[in-house]
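Trainee: I am new to this structure. Please take a close look at one part of it for me, and connect that part to its surroundings.

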Amino acid sequence: MTALLPRRGLAQILALIVILAVDRVVSPQFFDLRLQDGRLFGSLIDVLNRGTPVALLSLGMVLVIATRGIDLSVGAVMAICGAIAASLADGHGLPVVLAATLGAGLVCGLWNGFLVAVLGMQPIVATLILMVAGRGIAQLITEGRIVTFSSPDLVWLGNGSVLGLPVPIVIALGMLILTGAVVRGSALGLLIEATGGNARASELAGVGTRAMILAVYVWCGVCAALAGVIAAADIMGADANNAGLWLELDAILAVVIGGTSLFGGRFSLVLAVLGALIIQTMNTGILLSGYPPEFNLLVKAVVVLAVLLLQSPKFSGLAGIAARLRRTKA
Amino acid sequence: MKGLPPVLITAIVLVAGFAACAVQFPNIASTRVVGNLLTDNAFLGIVATGMTFVIISGGIDLSVGSVIGFTTVFVALAIERWGVPPLVAVVAILALSAAFGAAMGTVIHVFDLPPFIVTLAGMFLARGASFLLSTESVPITAPIYSTVSDFALRMPAGGRLTAIAIIMLAIVIGGALLLHLTRFGANVYALGGSRTTASLMGVAVGKMTIKIYMLSSLLAGIAGIVFSFYTSAGYSLSAVGVELDTIAAVVIGGTLLTGGQGSVIGTFLGVLIQGLIQTYINFDGTLSSWWTKIATGVLLFAFIALQQGLVVLARRTVRKSAGAAT
């Protein structure tokens with residue numbers, strides 16, 4: 001059993017299975033997949049597709065949180081990059097659009113990293129600055145309007161398919177593999193964990209903690225930029241007011257559901273993405289169930305608490321005590 | 001504390017900022033503007049006082065904005081639709097919000113979960129509950145509302161100190177006394193310094209955690225009532241994002257997010273700095289809505305950077321004088 005199921009991801013996988021089962025009950029066609037025009041369709045694909053932005057955000061966020069930081073600006077960075085992509089799309093080719101947006105994400109990340117690593121600000125306040133100002137910058141780029149575009153290249157990024165899978169899913173998967181290869185294929189992941197565990201001790205041991213912190217915020221900015229481009233490509237337009245609104249909270253939630261502590265240290269990329277999928281499976285399930293959307297937040301709160309309780313060592317401790325009591329009674 | 005205490009630094013920043021604004025717009029330096037500043041930020045000052053306790057104890061409370069939203073909707077519906085006397089409605093909502101905070105504190109303590117996430121779930125829960133009550137804005141027409149919102153003490157030179165500003169000032173002063181002069185306050189600092197040490201020294205960590213979150217939610221409930229006085233309506237989308245303004249005010253006020261350090265007076269100054277930024281932008285009047293956001297961000301950065309610079313400067317002078325002594 002332990003060989004099949006990793007000990008660390010058990011709570012998350014169980015939670016996902018339970019939510020999937022509930023979704024199957026409220027919508028009997030939930031697991032149906034069909035191939036049409038060379039692309040897979042179905043609720044499951046929908047969950048993956050809709051979950052892409054938060055999954056991408058959580059990839060960057062998990063590294064930031066591992067260094068004991070937090071990035072509140074990712075939603076605003078999404079809005080900025082979506083606005084840039086939408087304004088450039090019709091006049092320029094895809095490479096230029098991608099270079100400009102990813103570049104913008106990189107600069108946003110550098111700014112956050114600079115405030116935290118060099119100026120020594122507390123991450124929550126440092127990134128709050130860009131969270132407030134960033135949405136203004138995005139509106140400045142779109143001049144307060146919703147900018148639409150029709151460039152087929154960029155639309156393909158949001159709605160096209162590769163080998164039957166929607167492009168956003170492929171991009172997210174690619175980013176997961178790339179990030180995993182970089183941080184786990186080298187000592188980088190360990191150094192990031194060391195920085196989060198105890199920055200001072202790591203510094204004394206020779207870890208370039210400043211460079212580590214700078215790097216994770218930059219990566220978080222780049223991931224947010226990609227998420228912003230995909231979100232814009234999906235609706236063929238950029239809405240500076242609402243693109244990525246409150247998604248920073250979903251991303252943080254995904255990371256925490258994935259078992260990474262907000263106090264830094266050990267992190268898991270795969271479980272963070274799994275956390276994003278749990279959130280999206282829940283959202284899609286509520287949509288399909290036909291309940292009024294007013295219930296969304298309530299259900300979300302309850303599920304989040306349930307997943308957290310499952311993970312809590314105290315909770316399993318209580319369950320263990322209860323089991324032992326029952327055994328002694330019998 | 002060595003060197004300049006953070007409160008003093010925040011005070012210097014506030015005075016310098018106010019002076020800079022007054023140089024550009026002489027009208028800012030009037031009791032009328034200051035009175036409005038206090039009224040407009042009354043609800044923020046009240047929540048921020050509660051948040052200060054939470055953050056000093058090493059926690060965080062993201063649910064306050066939603067609790068304010070829920071309170072306004074609940075009070076409006078209770079008075080207008082369910083025919084409950086205003087006083088009963090107010091008492092009921094305060095009891096409800098205190099119980100909500102106590103529940104969050106209990107979950108945080110008993111299951112040893114991070115406050116950030118528990119209160120995030122609380123934020124979803126309270127906001128979702130207010131959506132369930134009503135998704136539209138409910139105006140409050142009860143006579144006591146117009147009486148309270150019209151009440152004001154006249155200050156010299158035409159300024160008005162409104163009832164809600166007075167409530168805020170009373171809560172800030174009460175909060176400061178509670179934090180700095182009582183055993184409860186000392187325990188809050190002890191918790192933030194180190195939970196283990198605090199528990200070894202005989203602080204009832206569990207009880208304290210529950211009480212602290214209870215206090216924060218209770219103050220958020222009071223802020224919600226003040227907010228409903230301010231707008232004379234209840235709306236489920238009111239005070240979205242206020243938790244972040246509040247945290248920013250507390251941090252600008254010199255309280256460390258890692259806990260163990262901070263003060264209510266500093267927080268009050270932080271609220272005033274944020275209010276000053278808004279007032280400046282209103283006075284300027286030429287900024288479009290997106291430039292307002294950018295300007296807020298830039299000014300926030302300027303204030304925090306200035307504070308950071310002063311902290312470094314203060315540390316250096318201490319080191320120098322220490323070096324001279326030896």
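Mentor: What follows is a close look at one helix of chain A and its surroundings.

This is a predicted model, in which local features need pLDDT of at least 70, side-chain atom pairs count only at pLDDT 80 or more, and totals for chains, interfaces and linings use all residues. Residues are numbered from 1 along each chain as its sequence is written, while chains are lettered from A and ligands numbered from 1 in the order in which they are written.

Start with the setting. Chain A holds 14 helices and 6 strands. Both kinds of element are DSSP runs, numbered from the N terminus: helices are H or I with at least four residues, strands are E with at least two. The C-alpha trace of chain A spans about 75 × 55 × 35 Å along its principal axes. Chain A has a radius of gyration of 21 Å, which agrees with the value near 20 Å for a compact globule of 330 residues. That radius is taken over C-alpha atoms, and the globule rule is 2.2 Å times the number of residues to the power 0.38. Of the 330 residues in chain A, 51% are buried. Buried means that 20 or more other C-beta atoms lie within 10 Å of a residue's own; exposed means 12 or fewer; partly exposed lies in between, and the C-beta atoms are placed from the backbone.

Contacts come next. Two residues are in contact if their C-beta atoms, placed from the backbone, lie within 7 Å. Take the contacts in chain A between residues at least 6 apart in sequence: 78% of them join residues at least 24 apart.

Now the helix itself. Which element gives the most to the side of chain A that touches chain B? First, the whole interface: 35 residues of chain A are in contact with 34 residues of chain B. On chain A, the elements giving two or more residues to that side are α5 (123–142), α11 (247–257), α13 (295–311) and α14 (313–329). α5(A) gives the most, with 12 residues. By class, this side of chain A has 24 nonpolar, 7 polar and 4 charged residues. Here Ala, Val, Leu, Ile, Met, Phe, Trp, Tyr, Cys and Pro count as nonpolar, Asp, Glu, Lys and Arg as charged, and the others, Gly among them, as polar.

Look at one residue of the helix. Gln139(A) sits in α5 of chain A. Gln139(A) counts as buried because it has 24 C-beta neighbours inside 10 Å. Leave out residues up to four places away in sequence, and Gln139(A) touches Gly144(A), Ala240(A) and Trp290(B). Its C-alpha atom is 7.1 Å from that of Asn241(A), 102 residues away along the chain.

α5(A) also packs within its own chain. The axes of α3 (residues 74–89) of chain A and α5(A) come within 8 Å and cross at roughly 15°. Axes are lines fitted to C-alpha atoms, for helices over the stretch in contact, and angles run from 0 to 180 degrees between N-to-C directions. α3(A) and α5(A) are therefore roughly parallel. Angles under 35 degrees count as roughly parallel, over 145 as roughly antiparallel, 65 to 115 as roughly perpendicular and the rest as oblique. The crossing of α3(A) and α5(A) is left-handed. Left-handed means that the near helix is turned anticlockwise from the far one by less than a right angle; right-handed means clockwise. From α3(A), the contact includes Ala76(A), Ile80(A) and Ser87(A); from α5(A), it includes Leu130(A), Gly134(A), Arg135(A) and Ala138(A). This contact of α3(A) with α5(A) has 11 nonpolar, 3 polar and 1 charged residues.

Compare another pair. α13(A) also gives residues to the side that touches chain B. The axes of α12 (residues 269–289) of chain A and α13(A) come within 10 Å and cross at roughly 145°. Their crossing is right-handed. Ile278(A), Met282(A) and Ile286(A) of α12(A) meet residues of α13(A) including Phe295(A), Val299(A) and Lys300(A). The contact of α12(A) with α13(A) divides into 7 nonpolar, 1 polar and 1 charged residues.

Finish with a loop residue. Trp246(A) lies between β6 and α11 of chain A. Its phi is near 65°, a positive value in a residue other than glycine. Trp246(A) counts as exposed because it has 11 C-beta neighbours inside 10 Å.
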